[in-house]
Amino acid sequence: MKKYLVGLLIAAFVLPILPVAASQATRDQLREMERQRAAAGQQVAEQSGLLAGTELEMSQVMAEMQELDQQIMNAQEQLETIAYNLLTTELRLEEAEKDLAIAREERDTQLEILRERVRVMHENGQTGFLEILFQAENIGDFFSRWEYIRTVAQFDRGLLDSLEETEERINANVDNLSANHTLIRDLGVQVEAAKAEINLRMDERKVFFALLEEDAERHNELLEILEEEAHMINIEFGIIHARYRAEVAEQERIRREAAEAAARAAAAARAAEQANRLATLNSFDNFAWPLAIQGTFTSGFGPRPSPFNSSRQENHTGIDIAAPAGTRINAAEAGYVRLAGWSASWGNWIIIDHADGYSTMYAHNSRNRVSEGQRVTRGQHIADVGTTGMSTGNHLHFEVRINGTHVNPMRYFGG
């Protein structure tokens, strides 16, 4: 974007040395440059969109790769845990197998002892037990010997049962550990397979990311080319646009000067016409009384207390003549109506231009009966007395001016 601003600045510096060409040709050039500028801007926007889309896809692939990295780390942690559990199970299985071997040896030893007793009993028959019993010295000794023989037999049987239970328990433990060992080993195989699958997906994502990087680089290179072309078009557009502005300004200057000259000529013509019109009026020695009745003289010309604030002095630029509302106001002398309108201060008011630079003013009227530019004669009915504008009652405010300067109207009423 800075290049476009630079282009406009260059245009501003180049402008002074350019000749003013035909406006139509410049407008045609400007329209063509605007078309090229719009087309270049569209190409830059499209290429920027492609680059932004590729960068967005790259960010998404990068996020996927980060997720795969996390999955690989999790799988590795699982494998380490499985390896630890597998090692622990193998150690426990090894210990259980050792315990099983010892139990089997104890069982075999006890079985051998029992076999020996059975063999002896078989060889001696019941004689051995009977001899033990008949060697008793009394009946108490006899029962004691009998209990001993029975206890030994029960002990041998119980020991053998205990050894068999121990063997069965150890066998069950060995079987359980073997099953766990198989499960853990199978789980490790599954996790290894999953990790391999994740690594494969990671490799695919890396390849795809590399392709996206190449696309982004191509988009960026093309975008730089398009921006440079748009930059040059903007520079040329700035030059032509500045030339167009200069032409428009020049045409406006010519039009303005022509309008000013025409206005001056019209003003001069109006002044000449006004002078000619006023020259046709007869000179006079005094003004006619501006009211159809004598009225009451309420305020003279010059300094006076303000009728709205008696503590404040003001310069009264005319005279005030009180009269009933609607009393006829007459033109003090023949002339042309320069102004007939409304003012916030004067209400309805009229200014009439007379010969020799004289003019008269009539204010606070309830109604104006003439219009601007109208010719009036001495004593013509031009308005009615009222109290419009800033007024304290029905009256006529009357002024006399010579070339715009206020003078005392009472000088101009004579017999």
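The following paragraphs lead through a predicted model, from its overall make-up to its cores, a sheet, its ring contacts and a few single residues.

The protein has 415 residues, of which 32% count as buried, and its secondary structure comes to four helices and 13 strands. Among the contacts in the protein with a separation of 6 or more, 71% are made by residues 24 or more positions apart.

The interior can be approached through the nonpolar cores. In soluble globular proteins, nonpolar side chains tend to be buried together. The largest nonpolar core in this model has 24 residues, and those with the most contacts inside it are I329, I350, I352, Y362, I382 and F398. Two or more residues are given to this core by each of the elements β4 (319–322), β7 (347–353), β8 (358–365), β11 and β12, with the largest share, three residues, coming from β12. Another core, of 21 residues, lies apart from it and includes M58, L68, F209 and I233. Returning to I352, and leaving aside residues up to four places away in sequence, one finds that this residue touches A331, G335, Y336, V337, R338, Y358, S359, T360, Y362, V376 and I382.

Strand β11 also takes part in an open sheet, in which three strands follow the order β5-β11-β9 with antiparallel pairing. The edge strands, each pairing on one side only, are β5 (328–330) and β9 (367–368). Between β9 and β11, the latter spanning residues 381–384, there are two bridges, and the two strands run antiparallel; here N368 stands opposite A383 in β11.

The aromatic residues add a further set of links, with a count of six aromatic pairs. In one of them, the ring centres of F398 and F413 are 5.9 Å apart and the planes lie at 40°, so the pair is classed as tilted, the term for angles that are neither under 30 degrees nor over 60. This pair joins distant parts of the chain, since F398 belongs to strand β12 (residues 395–402) whereas F413 is in the segment after β13 (405–407), 15 residues away. Both rings belong to a cluster in which ring pairs link W289, Y362, F398 and F413. F398 has 0% relative accessibility and therefore counts as buried, for which the cut-off is under 20%. A ring contact of another kind involves R37, whose charged end sits over the ring of F237 at 4.2 Å from its centre.

Which strand holds E399? This residue is found in strand β12, and with a relative accessible area of 1% E399 is buried. Its side chain makes polar contacts with the side chain of T317 at 2.5 Å and with the side chain of R401 at 3.0 Å. Not counting residues up to four places away in sequence, E399 touches T317, G318, W346, S359, T360, M361, H406 and P409.

Two loop residues deserve a look for their backbone angles. D356, in the loop between β7 and β8, has phi near 60°, a positive value in a residue other than glycine, and its relative accessibility of 56% means that D356 counts as exposed. N403, in the loop between β12 and β13, likewise has a positive phi, near 50°, in a residue other than glycine, and with a relative accessible area of 64% N403 is exposed.

Conventions. Residues are numbered from 1 along each chain as its sequence is written. This is a predicted model: local features need pLDDT of at least 70, side-chain atom pairs count only at pLDDT 80 or more; totals for chains, interfaces and linings use all residues. Side-chain values use heavy atoms; hydrogens and water are left out. Two strands pair if DSSP finds at least two bridges between them. Rings of Phe, Tyr and Trp (its six-membered ring) pair if their centres lie within 6.5 Å; planes under 30 degrees apart count as stacked, over 60 as edge-to-face and the rest as tilted. Buried means under 20% relative accessible area, exposed over 50%, partly exposed in between (1.4 Å probe, protein chains only). A charge sits over a ring if NZ of Lys or CZ of Arg is within 6 Å of the ring centre and within 35 degrees of the ring normal. A nonpolar core is a set of buried Ala, Val, Leu, Ile, Met, Phe, Trp, Tyr and Cys residues joined through side-chain atoms within 4.5 Å. Contact means heavy atoms within 4.5 Å. A polar contact is a pair of N or O atoms within 3.5 Å; within protein, one must be able to donate a hydrogen and the other to accept it, and residues adjacent in sequence count only if both atoms are side-chain atoms.
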